[in-house]
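User: I'm new to this structure and would love a close look at one part of it. Could you walk me through a pair of helices and then place them in their surroundings?
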Amino acid sequence: MRLAVIPGDGIGPEVVTEALKVLGEVVPSAEITNYDLGAARWHSTGELLPESVLGELRQHDAILLGAVGDPTVPSGILERGLLLRLRFELDHHVNLRPARLYPGLRGPLADPGEVDMVVVREGTEGPYAGNGGLLRKDTEHEIATEVSVNTAFGIRRVVTDAFNRAEERPRKHLTLLHKTNVLEYAGSLWSRIVEEVSLEHPDVTVAYSHVDAATIHLVTDPARFDVIVTDNLFGDIVTDLAAAVTGGIGLAASGNMDISRRNPSMFEPVHGSAPDIAGQGLADPTAAVLSMSLLLDHLGQKEAARRIEASVAFDLATRDQSSPGATHSIGDRLAALVSSNDTTRPVP
Ligand SMILES: NC(=O)C1=CN([C@@H]2O[C@H](COP(=O)(O)OP(=O)(O)OC[C@H]3O[C@@H](n4cnc5c(N)ncnc54)[C@H](O)[C@@H]3O)[C@@H](O)[C@H]2O)C=CC1
Ligand SMILES: CC(C)CC(=O)C(=O)O
Ligand SMILES: [Mg+2]
């Protein structure tokens with residue numbers, strides 16, 4: 001297994017260290033190559049993602065990324081020039097973001113019910129496509145555009161993936177989140193394609209929610225959601241909220257996936273580089289560890305993935321939730337749980 005690792009900025013390297021510690025217990029033979037992409041490289045060389053590095057990344061089975069973003073770099077340089085460029089170049093059209101309230105874990109809601117959803121966020125289009133610009137710059141009448149790009153091809157492949165996932169889940173329920181009451185053209189294309197693809201999945205029940213109302217339901221009744229499919233921007237926003245209601249952003253994992261498998265998929269926590277807590281050992285590495293579990297599952301290492309998830313579930317059910325420990329001690333606990341190789345411990 002050839003794994004490329006991009007620790008990145010802020011807490012990225014801290015949480016990646018712990019994810020690799022856990023990987024060492026399940027796949028000690030993994031070949032790991034580190035790539036020093038991020039703020040430090042940009043400052044010293046001006047490089048964000050050289051073509052040669054992109055070529056090397058393509059030679060790996062998967063990529064693990066910590067996070068990018070640094071207060072010393074103008075906003076957007078690393079996010080667009082490195083992170084989004086990776087997602088776009090490697091055609092990561094499915095941004096998979098499970099959000100589950102693990103048994104025994106106290107979230108912020110008094111009575112959330114059984115929360116276990118997966119958000120399938122489109123990853124290469126929408127308002128993040130970079131289709132915009134400034135007109136009449138530096139005048140009183142400056143105009144900024146950021147045009148959302150929604151192609152039938154792009155929507156269909158992510159919607160198809162979401163239906164396939166819904167089909168595999170016990171509840172077989174899919175919710176489209178959009179804003180069709182205002183975003184007339186994009187909204188109607190998303191709705192039409194969901195309707196068309198639903199005909200191939202008669203077992204899957206389909207619901208629609210305007211994204212603003214969905215933020216209410218995510219707080220008042222998150223258990224209603226099973227699979228959510230949505231565009232790049234809405235998916236970005238609702239997955240931070242879904243993370244918050246299922247125990248916090250430090251637990252939320254994700255995969256940026258090329259479902260065709262022509263390119264390596266890239267796994268990363270949902271969170272960013274958290275400069276406010278970087279370097280203090282305060283970051284919870286669980287999201288990075290669960291991202292490693294998603295990575296292994298994607299590569300067919302199902303048992304290794306299951307062992308990691310079971311260990312995380314056990315840790316979440318038994319940890320002192322008001323004081324879960326320093327980054328490295330959470331990583332040590334998880335590595336010890338995984339290495340105890342108690343494969344009889346089920347994911348609760
Ligand atoms: N995938 C990526 O690389 C992402 C990068 N970013 C970038 O990260 C930088 C910071 O962005 P923010 O908006 O502050 O979002 P953020 O996700 O980095 O932080 C939001 C809040 O969550 C907390 N937090 C994040 N991860 C945590 C963890 N593992 N354990 C405990 N607490 C955690 C932070 O301390 C902060 O209070 C920006 O430059 C942003 O562009 C943001 C989101 C994703
Ligand atoms: C920094 C953004 C490009 C990424 C982000 O917030 C996300 O993917 O959740
Ligand atoms: Mg985000």
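Which residues in α7 meet which residues in α8?

Analyst: Happy to help! This is a predicted model, in which local features need pLDDT of at least 70 and side-chain atom pairs count only at pLDDT 80 or more, while totals for chains, interfaces and linings use all residues. Residues are numbered from 1 along each chain as its sequence is written, and chains are lettered from A and ligands numbered from 1 in the order in which they are written.

From α7, the residues are V211, A214, T215, L218 and V219, and they meet F234, V238, L241, A242 and V245 of α8. Here, contact means that the C-beta atoms of two residues, placed from the backbone, lie within 7 Å. By class, this contact has nine nonpolar residues, one polar and no charged. Ala, Val, Leu, Ile, Met, Phe, Trp, Tyr, Cys and Pro count as nonpolar, Asp, Glu, Lys and Arg as charged, and the others, Gly among them, as polar.

Helix α7 covers residues 211–220 and helix α8 covers residues 232–245; their axes are 10 Å apart and the packing angle is about 10 degrees. That angle makes the two helices roughly parallel, a term for angles under 35 degrees. Axes are lines fitted to C-alpha atoms, for helices over the stretch in contact, and angles run from 0 to 180 degrees between N-to-C directions. Helices (H or I, at least four residues) and strands (E, at least two) are DSSP runs, numbered from the N terminus.

An annotation also touches this region. An unreviewed UniProt entry gives D212, D236 and D240 as "binding site". They span 29 residues in sequence, yet no two of their C-alpha atoms are more than 14.1 Å apart, so they gather at one spot. D212 sits in helix α7. UniProt positions follow the numbering used here, feature names are shortened, and annotations may be inferred rather than shown by experiment.

D236 turns up again around ligand 2, together with E79, L83, L84 and V270. A residue counts as near a molecule if its C-beta atom, placed from the backbone, lies within 6 Å of it. Helix α4 (residues 77–89) gives the most to this shell, with three residues. The shell has three nonpolar, no polar and two charged residues.

Helix α4 also leads us to the wider layout. Domain 1 (1–106 + 247–347) and domain 2 (109–229) divide the protein, with bounds from an automatic or database domain assignment. In their contact, 17 residues of domain 1 meet 17 of domain 2. On the domain 1 side, α4 and β4 (94–100) each supply at least two residues, and the largest share, seven residues, comes from β4.

Technical notes: Parallel < 35°, antiparallel > 145°, perpendicular 65-115°, else oblique.
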